[in-house]
Structure formats: structure tokens, C-alpha cells
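Reader: Hi! Could you take me through the aromatic pairs in this structure, slowly and in plain words?

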Amino acid sequence: MEPMNTSNQHKSQLDLPPGLLKKIGIGVAVLFAALIAYSSFYTVQEQERAAILTFGKYSGDSTAGLHFKWPYPIQQVIIVPAELTQRIHIGYRQNGDIVTPVEEESMMITGDENIVSADAVVQWKISNIHEYLYNIDNPEQFLRNAASSSIRSVIGSEKLDYAITDGKTEIQEKVRKQLIDLQAKYQTGIQIIDIKFQDIEPPSGQVEEAFQKVTNAREEKNTKINNAAKYENDKIPKARGEAQALIENAEAAKKSRILNAEGDVAQFNAIYAEYAKNKGVTESRLIMETLEKILPKAKIFITDSSGDTVKYLPINELMRSTGSASSPAGTSQGGAGQ
């Protein structure tokens, strides 16, 4: 019975419709061609770059857009987010709004043998695709270890008080430079954009409270220094202005007195020159002018005591008279002149 069944099966296989095998062959060929065509084109997104491998060896890369390649196994493509800025967290993990501390990363010893907790965020991106793919096995883990090592190295050389107060910015810059040097040394193809510390603080408890008091006192000190500087900047310009005004007023008074003194000297010299020409006349005129100033209401008499008879000229009466001078007055004046 079995041989008969076998012959029936062979007979049924040979009884295929004519042309069916050809159609199957064409269909397989078309499907194979479609698969080859589909695998020959690839798309790179805006924040990605593609590494091209030819026979398994890196042969170049391509940027965003639609590209052609030879089908596998001749060429294959590895796409990486080379244009995307990525982040890793040191000392904690963040999943949405949930933050989970990782104490084995955050806890470290300072240069003065105190314990401090440091959390940081490292921003990075891929700068060299070939180095990124072939020089390191696990790029993210390597970067995490390198960042943690750099932070411990820098904080381990600083004192706790400096690390949690004024030294945060300087420590941050030192860690960034050291992390960049590590990437260059091992040629990781990773570019360090920035590193920022979220917290540098002592462990929670009494130590944290003590250092919080120190921090508050330091901030209060800085506030008072700033207020004092503000007061100084307000008062000193005003005092300088007032001093300058006093100096200018003094200079003006000085110049005024000098000019007045020079005028008085010039007037005196002019009077003295006239006095030297005729001392008697000038002396009499000065005496008369002085008497008029100091005795404005006094009666003035001009006398001649050269003889036994007192001769005088009634100046006041003559000044009160009106009109032109009469001949007796002229005679009196002539006698006075004698």
C-alpha cells in the first residue's frame, strides 16, 4: 500500500497546471527585487545622523534626508541621535516628576575629610560617530562613570565650607574641564556641552542645620556689605560735590578779594601820584572830603589865624544863599583869600 501512495503523490505533483512554476518564479523574483529596493533607501531624521558600514567596516556618515545605499549585506546603516543634546543625571534619577536619589553616586569626601552630597546634570551630544560607535562599548555608562570620577576628584581637593558656599561655580568649571579632557583622552566621540550642580550640601541632620546657619550668616554678611557699599556710594559723591562747591566758592572769594585789593592799590597809586604833584592842595581836599563824610551836618568855617583878628569865611551861609554870588560876598571871599 505505501509504494502505491508514493506513486500517487508523485503523480499529483506532476499534474500542475502549465505555467504555474513560471509565475511562481516571477513572483519570487519581483518580491526579492522589492525587498532589495526597500533596503536600498533609508531616511535620517533632523536630529539624527547615520553611520554607513560597507562589508561591516565604517565608510562614512550621512545627515538628515532620504539616502541610497547598497542592499544588505553589502552596506548597512546605524542611525544615532548625533544632533540631539542629551542629559544624564549624577546622584539621582528622574522619571517624569519622580526623583529618586542614588546615594552611591552623590555621597563623596571633601579635602578636609567631610562628607558631602553632590547632584549634577551633564549635557552632552555626539560629535564623532565613528569614535562613538567603535571606541566605547556603553557610551552612557562610560560618561556617567567619567562624570562621577571628575566630580569626586575635584570635590576631594576642596574644603567642605568652600564647596557648599562660594566654590560651587569654580568647582563646576573644574569638573567640566576635567570631563572634557577625559573624552579627548579616550576619543569617545562625545562632546560635553555643560555640567551644572543641582545641590552641593552636607548630609541631612545636625550637620546640615549647622551649615545652613553658616550659609545664612554668610548671606546676611553679604547683605550688610552690599548695604554699606550702597550707603557709601550715595554719601561719598555728595560729600565730594559739596567739597568741590566749597573749594570753588573759596576760589571765587579769593579772586574777588584779590581784584578788589588790586583796584584799591591802583586807586591809591593814582591818588598818591596827584598828591605828589601838589601835596598841599591834595591834602586839603582829602581833609575836606573826609570831614564831609564823617561830619555831614557840621558847620564849616575857614579861618586865618595869622594876625590878631580872626578872619573866617561862613561857608554854610554862603551855600544856603540862592542865585548868583553878590559883590560883597566876593569881597568877603577876597579878604578870606588874603
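Author: Here is a walk through the ring pairs, with a short stop at a sheet afterwards.

A quick heads-up: this is a predicted model, where local features need pLDDT of at least 70 and side-chain atom pairs count only at pLDDT 80 or more, while totals for chains, interfaces and linings use all residues. Residues are numbered from 1 along each chain as its sequence is written, and side-chain values use heavy atoms, with hydrogens and water left out.

So how do you describe two rings? You give the distance of the centres and the angle of the planes. Rings of Phe, Tyr and Trp (for Trp, its six-membered ring) pair if their centres lie within 6.5 Å; planes under 30 degrees apart are stacked, those over 60 are edge-to-face, and the rest are tilted.

The structure holds five aromatic pairs. One of them joins Phe41 and Phe68 edge-to-face, at 5.4 Å centre to centre and with 65° between the planes. This pair links distant parts of the chain, since Phe41 sits in strand E1 (residues 41-44) and Phe68 in strand E4 (residues 65-68), 27 residues apart. Strands here are DSSP runs of E with at least two residues, helices are runs of H or I with at least four, and both are numbered from the N terminus. Phe41 is partly exposed at 47% relative accessibility, and Phe68 is partly exposed with a relative accessible area of 47%. The labels go like this: buried is under 20% relative accessible area, exposed is over 50%, and partly exposed is in between (1.4 Å probe, protein chains only). Ring pairs also bring in Trp70, linking Phe41, Phe68 and Trp70 into a cluster.

Now for another pair: Phe268 and Tyr272 are stacked, 6.4 Å centre to centre with 15° between the planes. They are four residues apart in helix H8 (residues 206-277), so about one helical turn separates them. Phe268 counts as exposed at 54% relative accessibility, whereas Tyr272 is partly exposed at 48%.

Last, the sheet. Three strands make an open sheet in the order E3-E2-E5, with antiparallel pairing; two strands pair if DSSP finds at least two bridges between them. Strand E3 (57-62) and strand E5 (75-80) are the edge strands, each pairing on one side only. Strand E2 (residues 49-54) pairs with E5 in the antiparallel sense over six bridges, and Ile52 stands opposite Val77 in E5.
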